[in-house]
Amino acid sequence: MSFSTLVGAQAPTATSTVPPLINFSGTLADANGKLLNGVVGVTFFLYKEEEGGAPLWMETQNVQPDKSGHYSVMLGSTGSQGLPQDVFVSGEARWLGVQVVGQEERPRVLLVAVPYALKAGDAATIGGLPASAFVLANSPKESGAATKMTTSSATNPLPTSKNPNVTGKGVVDFIPLWDSTSDIIDSLIFQKTSNVGINTTAPAATLDVNGKSDVRDTLTLFPKGTDSTLAINGTTFKIDQTGKVNFVTGQTFPGTGTITGITTASGSGLTGGGTKGTLALGLTNTCSAKQVLQWNGSAWACSSAGTGTITGVTTASGSGLSGGGTIGTLNLSVNPAVVAELGVTNTFTNSNTVSVSSTSNPALNLANHTGNGLYISDAGTNGIYIASTGNGIVMASVVGDGIDIQGAAATGISAIGQNDGGYFNGKVAGSYAQNDVDGNGSAAAYGYETGATHITYGVVGYSASNIGIGTYGQDVSASTEGSTVAGIDGIGVWGDSGAVGSAGVFASADNGYAILGFNNSDLLETAGFQNDETLDSVSAILTTYGPNFGGQCAIDVSGNLSCTGSKSAVVPVDGGARKVALYAVESPENWFEDAGSSQLSNGSAVISLESTFAQTVNTEMQYHVFLTPKGDCEGLYVSNETPTGFEVHELRNGHSSIAFDYRIMAKRKGYEQIRLADRTKQMNAPRPKRPEGRRSVLPTELDKRNTPEAHLQPLATTVANTE
């Protein structure tokens with residue numbers, strides 16, 4: 001924006017007056033910086049302050065910018081009297097504000113010296129009359145003096161400024177700042193006696209900076225005498241003139257602590273240490289020759305090495321050893337009749353007990369890299385019976401089975417533990433369960449938790465991988481769709497099916513939540529659904545049914561929501577005591593609406609479409625504008641509709657300046673040709689069907705265990721009595 005000289009702003013004479021107009025030019029653009037063209041309504045304001053305050057004067061003009069958005073206006077031209085001269089009487093600064101209709105007022109600009117010529121023109125008159133209308137007293141006597149003064153002035157003209165256009169005024173003690181090539185204002189630098197302040201008017205030192213400071217290269221400090229090079233006000237921290245640092249009390253340093261010294265305690269067997277310098281530690285040297293340091297239960301002490309003579313080695317009965325003697329080189333060996341040997345086959349013909357007390361090591365550890373870890377046959381009752389407070393058996397079998405049990409008359413494995421009844425770890429599957437019975441209620445694996453008063457789990461699945469699956473369930477075969485998403489993210493529970501018409505996950509409940517989900521993410525949704533259909537643009541992603549009332553809603557792959565009922569917002573009323581429904585306005589076509597307010601200027605106004613709204617609709621085709629005047633007038637009409645805006649005029653060539661409201665209806669971009677789209681196929685899509693009759697009730701785990709495995713009851717009682 002810029003000011004130019006006043007129209008006819010030549011030096012005023014006794015018979016001429018300064019035109020009360022200001023030539024002002026600038027550039028017009030919308031809120032996004034796009035240059036405006038066509039007729040635009042612009043309001044101009046004069047203020048006393050740079051920000052805030054009521055305008056001293058205002059007027060609205062219809063401005064016609066050129067292709068570059070530039071325009072020029074004569075401020076005060078809309079009235080016969082022009083700009084009021086009393087606006088510039090006080091001699092104070094005046095600020096000009098510019099506001100395009102429909103936009104916020106732009107930052108104000110300071111009026112330069114030219115507009116104040118309005119006041120200068122008034123100063124050339126007395127009461128509005130030229131000086132020639134008055135006669136000075138004793139004018140004949142002083143004419144010579146006047147002539148002499150004029151001659152003197154012409155002979156010795158006053159020195160002129162190198163830059164006569166420099167203007168501005170400021171506050172005493174502030175360092176001036178050139179804010180343009182011809183104006184000076186106050187800077188942020190303030191000098192008081194010999195102290196200079198930046199962003200402060202009360203500097204307390206030679207240089208006092210109020211605010212953050214950045215030094216982008218080496219900072220070198222030159223101390224004066226014994227003064228500190230650097231100090232922090234209010235603390236004891238300082239760096240003296242030699243670079244020595246004085247830390248504050250309680251100073252900490254990186255790491256877990258500060259070592260102030262090393263001492264050697266009595267009985268530690270060490271010597272050395274200290275509190276400064278390089279410290280050395282060593283073993284005590286007070287022992288006699290051939291003595292060693294030996295722990296006596298409370299300290300390290302000097303002790304003589306053991307001495308003596310072996311006269312013979314004998315093997316006691318039942319020791320598991322054989323050999324020995326009294327002279328010569330003696331040999332000892334394990335007696336295989338008593339002690340089982342490693343690396344050979346051993347046969348046990350009696351009961352054996354392995355008893356340990358360890359929470360970190362297993363009672364029995366078996367490993368077979370090519371065959372079965374443990375093979376049990378011809379078991380009369382239990383193939384394996386384990387009662388353990390830790391792990392009963394831990395087996396690692398690389399190729400074969402960890403445990404292979406056949407011919408068991410009752411339970412193949414029955415394990416009752418204080419922690420886990422069974423623990424299985426394998427390369428492919430830690431536990432594999434198979435059931436070859438084809439019948440209702442048959443299960444390859446069944447989880448049952450009998451606890452009824454705490455948070456318990458029937459089955460728990462866990463995966464430590466961030467792309468793993470905690471629990472995976474499959475019907476008939478794996479789906480092709482599932483193979484495209486597996487391994488992208490971790491999954492707690494995954495239900496999958498490759499059978500047509502089947503369900504990967506099915507949930508049901510009586511008077512409860514069939515599916516319930518919670519999360520606390522600010523990025524990820526609680527539930528997400530995706531349909532990768534590529535042919536049918538109205539295939540459903542999510543469909544809801546209310547068969548007993550005929551309700552149905554569907555969200556399709558194109559993002560359309562279709563419902564047989566109404567779409568409404570629920571709003572609280574009566575202080576929140578009730579909530580009422582407000583229904584959406586339905587239309588056979590896709591319309592977007594916007595509304596706003598404006599004001600006529602001399603019977604017309606130019607409205608620019610809000611830029612973001614204009615991106616959502618197609619304004620290249622016809623759109624609708626509805627007007628509501630906010631006062632008495634001849635009536636309003638719309639003309640010159642363009643993709644970026646339209647004009648509003650008063651009927652019968654009226655020149656009112658009344659306010660008005662407007663509402664715009666325009667076709668949604670990309671949906672211009674859609675009208676009453678047919679959704680019959682979507683609403684008639686196949687629905688999930690209930691099977692004929694009622695499904696047989698699955699037997700409970702308690703029913704299963706009570707009938708064929710009653711022998712487990714005394715087993716459990718036995719374990720309980722040993723606790």
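Okay, one definition up front: buried means under 20% relative accessible area, exposed means over 50%, and partly exposed is in between, with a 1.4 Å probe and protein chains only. Hold on to that for the cysteines.

So, this is a predicted model, where local features need pLDDT of at least 70, side-chain atom pairs count only at pLDDT 80 or more, and totals for chains, interfaces and linings use all residues. Residues are numbered from 1 along each chain as its sequence is written, and side-chain values use heavy atoms, with hydrogens and water left out.

Big picture next. We've got 723 residues, and 19% of them count as buried. The chain has seven helices and 39 strands; those are DSSP runs numbered from the N terminus, H or I with at least four residues for helices, E with at least two for strands. About 52200 Å² is exposed, and 53% of that comes from carbon and sulfur atoms; areas are Shrake-Rupley with a 1.4 Å probe, and for residues only the protein chains shown count as cover. As for contacts, meaning heavy atoms within 4.5 Å, take those with a separation of 6 or more: 46% of them are between residues 24 or more positions apart.

Right, disulfides. The criterion is a pair of cysteine sulfur atoms within 2.5 Å, and that gives two of them. One joins Cys 287 to Cys 302, S to S 1.7 Å. The angle about its S-S bond is -85°, left-handed. Cys 287 is in the loop between β16 (281–283) and β17 (291–295), while Cys 302 is in strand β18 (residues 300–304), so this link ties together parts 15 residues apart in sequence. How exposed are they? Cys 287 has 23% relative accessibility, so it's partly exposed, and Cys 302, at 31%, counts as partly exposed too.

The other disulfide is Cys 553 with Cys 563, with the sulfurs 1.9 Å apart. Here we get 120° about the S-S bond, right-handed. Cys 553 belongs to strand β30 (residues 551–556) and Cys 563 to strand β31 (residues 561–563), so the parts tied together are ten residues apart in sequence. Cys 553 is partly exposed, at 26%. Counting bonded cysteines along the chain, the pattern is 1-2, 3-4.

On to the rings. Phe, Tyr and Trp rings (the six-membered one for Trp) pair if their centres lie within 6.5 Å; planes under 30 degrees apart are stacked, over 60 edge-to-face, the rest tilted. That rule gives eight aromatic pairs. Take Phe 24 and Phe 44: centres 6.2 Å apart, planes at 80°, so edge-to-face. Phe 24 sits in strand β2 (residues 22–27) and Phe 44 in strand β3 (residues 40–47), so the pair ties together parts 20 residues apart in sequence. Both Phe 24 and Phe 44 are buried, and ring pairs link them with Tyr 71 into a cluster.

There are charges over rings as well, meaning Lys NZ or Arg CZ within 6 Å of the ring centre and within 35 degrees of the ring normal. Arg 108 lies over the face of Tyr 47, 3.4 Å from the ring centre. Lys 667 has its charged end over the ring of Trp 591, 5.1 Å from the centre.

Last thing, a little sheet topology. There's an open three-stranded sheet, order β12-β13-β14, paired antiparallel; strands pair if DSSP finds at least two bridges between them. β12 (230–231) and β14 (245–246) are the edges with a single partner each, so one side of each has no neighbour in the sheet. Two bridges join β12 to β13 (residues 238–239), and Leu 230 stands opposite Ile 239 in β13.
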